Amino acid sequence: VQLQASGGGLVQAGGSLRLSCAASGSIFSINYMGWYRQAPGKQRELVAGITSGGSPNYADSVKGRFTISRDNVKNTGYLQMNSLKPGDTAVYYCNALVVSTAIPGERDYWGQGTQVTVSS
């Protein structure tokens, strides 16, 4: 199973970006998809997550600005980021708890990270 994150870039404060995380491989089910971020000198933190049933959760710092969603047919997750602030600058990583058809049980997978830079 592989996760491919995309959609990062440079944007001015107040702008928007949409991140995508495409899962591929021998996937039976994706039980949870999440987005984390890590800014320089800081620990990685959860930004948003979504269950297989579509229930989202958000960090307080992004509530009302970010929206997480997923397409279970395409095995792809999305993070719509609006009203971006310089404080949102970080490398964003996607994460998924996946049940594979090849390996028993649920496992944790990470994408490669995509840089989001918000200028003031």
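Q: How far apart, N to O, are the side chains of aspartate 88 and arginine 65 in their salt bridge?
A: This is a predicted model, where local features need pLDDT of at least 70, side-chain atom pairs count only at pLDDT 80 or more, and totals for chains, interfaces and linings use all residues. A salt bridge here is a side-chain nitrogen of Lys or Arg within 4 Å of a carboxyl oxygen of Asp or Glu. For aspartate 88 and arginine 65, the N to O value is 2.7 Å.

Q: Which loops does that pair of aspartate 88 and arginine 65 link?
A: Strands (E, at least two residues) and helices (H or I, at least four) are DSSP runs, numbered from the N terminus. Arginine 65 and aspartate 88 are 23 residues apart, so to speak in distant parts of the chain. Arginine 65 sits in the loop between β6 (56-58) and β7 (66-71), and aspartate 88 in the loop between β8 and β9.

Q: Which residues join aspartate 88 in one salt-bridge network?
A: The network comes from salt bridges that share partners. Along with Asp88, its members are Arg37, Glu45 and Arg65.

Q: Are aspartate 88 and arginine 37 buried or exposed?
A: These two form a salt bridge, with the closest N and O atoms 2.9 Å apart. Arginine 37 is in strand β4 (residues 27-38) and aspartate 88 in the loop between β8 (76-81) and β9, so the bridge ties together parts 51 residues apart in sequence. Going by relative accessible area (buried under 20%, exposed over 50%, partly exposed in between; 1.4 Å probe, protein chains only), both residues are buried.

Q: Which residue forms a salt bridge with lysine 63, and is that partner buried or exposed?
A: The closest N and O atoms of this pair are 3.1 Å apart. Lysine 63's partner has a relative accessible area of 65%, so it counts as exposed. That partner is aspartate 60.

Q: Which cysteines form the disulfide?
A: The structure holds 1 disulfide, meaning a pair of cysteine sulfur atoms within 2.5 Å. Residues are numbered from 1 along each chain as its sequence is written, and side-chain values use heavy atoms, with hydrogens and water left out. The sulfur atoms are 2.3 Å apart, and the pair is cysteine 21 and cysteine 94.

Q: Which strands do cysteine 21 and cysteine 94 lie in?
A: Their link is right-handed, with 65° about the S-S bond. The pair connects distant parts of the chain, 73 residues apart. Cysteine 21 is in β3 (residues 17-24) and cysteine 94 in β9 (residues 90-100).

Q: Why does cysteine 94 count as buried?
A: Cysteine 94 counts as buried because its relative accessibility is low enough for that label. The value is 1%.
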